[in-house]
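Q: I am new to this structure and would like to take a close look at one part of it, and then see what surrounds that part in the wider account.

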Amino acid sequence: MKNLFGLLLISLFFSCQPEEKLPRIAIAGLAIESSTFSPARSTAESFKARIGDDIFNYYPFLGDSSSNRSRAEWFPTLRGHAIPGGMVTREAYDSLVNLTLDMLKENLPYDGLFFDIHGAMSVEGLDDPEGDFIIKVREVVGPETIISTSMDLHGNVSQRLAENTDLITCYRMAPHEDALESKQRAVENLLDRLESGKGKPTFKAWIPVPILLPGEKTSTRIDPGKSLYAKVDPQTKKEGVIDAAIWIGYAWADEPRNHAVVMVTGDNEKEVKESAEYLAQSFWDVRNEFEFVAPVAYLDESLEMALNSAKKPFVISDMGDNPTAGGAGDVTWTLNEILKRPEFQSENGPELIYASIPGPELIEKAKSAQVGDEISGYVGAMVDDRFAPPILLKGKLFAIKEGDPDAKTEIVVQIGSVKVIVTEKRKPYHHEKDFTDLQLNPRETDILVVKIGYLVPELYDLRGDWIMALTPGGVDQDLQRLGYQRINRPMFPLDPNMDDPDLSVRWIKESGS
């Protein structure tokens, strides 16, 4: 009887204990790279917005069965992601931000917020949109909420973005094969600080580094980018350091925040300071070693190399209008130069696949035609006609495909030996399936021309040889030609003989203080 009574008392004791409350964490963010040197504009429709629980489908580390999902009570609001493009209209920015803020107000208060951004968004009439966005978020969630920010290494970290976030990290690989890993790190850092009760980091070190380089010169596949970024993770293993990050910055926007940055967060002042200054100095020390990740030439030379190469496919990056860096994606200059070449006038010439050019007028005509029919219509230069006008394409309809989530409808038009992919909406071509779905074989073609900078993994793996062509557009790789007016100067490499900068730590005050 005694034992039974004892068990009842124990059961009663535990049933009366307060249930451990899970932290309440919101999710929000907008991600886009937008060039201020492009006439294109990005609208609200440009963003693929995930709302509410649909956001979980983007993060495998927050899936239904994931351990992280059970560590908190989650409140996903809006997470928007757009293909890089021109500046975001103020109307689009305000509408997306205001919707996010309204959703955040529905479930206050929050212990934490996962702020998932890119960091290179430009908005009409607004400097530093991410800094503006996080301030508006902070005004809603209050000073106590811990915000953990995840970013692309090609983003920009202004001082006010640094002030209003608490934990911050970015990718350590370019191409960004660690994107989801980095976002997971941002979430788990937040969970760890909430669960341990440690809260906001005691120290946030921010160092602006006056370097502005394009991503095509800073790939982590090769040195010095590879060795530089290899120095980041060891700093995070030091006692008292939470995370460390190097931002290359975004080269195709003309704003004071556009430059490289190093940030380190943690609770040990000495270790945080030493790590930040070590990484900043390491970056500055190798500034003269950065080169394009592949050989670079102007278009005529690139085509000559491709025509004379025995390695197939010979890939040419049409860099100046790269839509994944912020180009309009509809500059016709390169395609016009290709179609003028005598080597491609006959169907028996070397096969060249060109990806891609928007042409909704030609798409409409193709919808009422049959494969094999001759079609004609204007393509390109609807947005960016500074370098060449629209092209009247006249050729054979080789393939048609409807229902693509980005391009909507895609067709292939053959002119001589050139097979041009024409899209209803602009689309980057990164995957082999993008081509094979259109009855094209990129592995067997002679020349593959893609609007891209450095090659993404699938294209890199299938290349026979590769050249990056210096072509005109909104993301011109020749930065001297862009005509910056507002970035901070001096800036390397625009000012190659500048004095060594002050790379000492700027301590960032705690958010809400």
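What is the relative accessibility of Lys 408, and as what does Lys 408 count on that basis?

A: The model is a predicted one, and in it Lys 408 has a relative accessibility of 39%, so it counts as partly exposed, a class that runs from 20% to 50%. Lys 408 is found in strand 18, which covers residues 408-415, and its backbone has a positive phi of about 65 degrees although the residue is not a glycine.

A second residue with a positive phi that is not a glycine is Ala 381, whose phi is near 55 degrees. Ala 381 lies in the loop between strand 16 (374-379) and strand 17, and with a relative accessibility of 6% it counts as buried.

Strand 17, made of residues 391-404, also holds Asp 404, which is buried, with a relative accessible area of 8%. Two polar partners can be named for the side chain of Asp 404: one of its polar atoms lies 2.7 Å from the backbone nitrogen of Ala 407, and the side chain also makes a polar contact, at 2.9 Å, with the side chain of Lys 427. When neighbours within four places in sequence are left aside, Asp 404 is in contact with Glu 410 and Lys 427.

Elsewhere in the model, four strands form an open sheet in the order 11-12-10-22, with antiparallel pairing. Strand 11 (241-247) and strand 22 (506-507) each have a single partner strand and stand at the edges, so one side of each is left without a neighbour in the sheet. Within the sheet, strand 10 (residues 203-209) and strand 12 (residues 260-266) pair in the antiparallel sense over seven bridges, and Ala 205 stands opposite Val 264 in strand 12.

Helix 8, residues 269-285, lies across strand 10, strand 11, strand 12 and strand 22, and it runs at about 15 degrees to strand 10. The 17 residues of helix 8 should span 24 Å at 1.5 Å a residue, and its end C-alpha atoms are 24 Å apart, which agrees. At the start of helix 8, a side-chain oxygen of Asn 268 comes to within 3.1 Å of the backbone nitrogen of Lys 270. Among the buried residues of helix 8 are Val 272, Leu 279, Phe 283 and Trp 284, and the cover over the buried residues of this helix includes helix 6 (225-230) and helix 7 (232-236), as well as strand 10, strand 11, strand 12 and strand 22.

Helix 2 can be read in a similar way. Helix 2 has 16 residues, 90-105, and reaches 22 Å from its first C-alpha to its last, close to the 22 Å expected at 1.5 Å a residue. Its buried residues include Tyr 93, Leu 96, Val 97, Leu 101 and Leu 104; seen down the axis of helix 2, the buried residues fall within an arc of 165 degrees, so they line one face of the helix.

Two cis peptide bonds complete this account of the backbone. A cis peptide bond with omega of about 5 degrees joins Ala 174 and Pro 175, and Pro 175 is found in the loop between strand 9 (167-170) and helix 5 (179-196). Phe 492 and Pro 493 are likewise joined by a cis peptide bond, with omega of about 5 degrees, and Pro 493 has its place in the loop between strand 21 (465-470) and strand 22.

Notes: Residues are numbered from 1 along each chain as its sequence is written. This is a predicted model: local features need pLDDT of at least 70, side-chain atom pairs count only at pLDDT 80 or more; totals for chains, interfaces and linings use all residues. Side-chain values use heavy atoms; hydrogens and water are left out. Two strands pair if DSSP finds at least two bridges between them. Helices (H or I, at least four residues) and strands (E, at least two) are DSSP runs, numbered from the N terminus. Contact means heavy atoms within 4.5 Å. Axes are lines fitted to C-alpha atoms, for helices over the stretch in contact, and angles run from 0 to 180 degrees between N-to-C directions. The expected span of a helix is 1.5 Å times one less than its number of residues. Buried means under 20% relative accessible area, exposed over 50%, partly exposed in between (1.4 Å probe, protein chains only). The arc is that of the directions from the helix axis to the C-beta atoms. A polar contact is a pair of N or O atoms within 3.5 Å; within protein, one must be able to donate a hydrogen and the other to accept it, and residues adjacent in sequence count only if both atoms are side-chain atoms.
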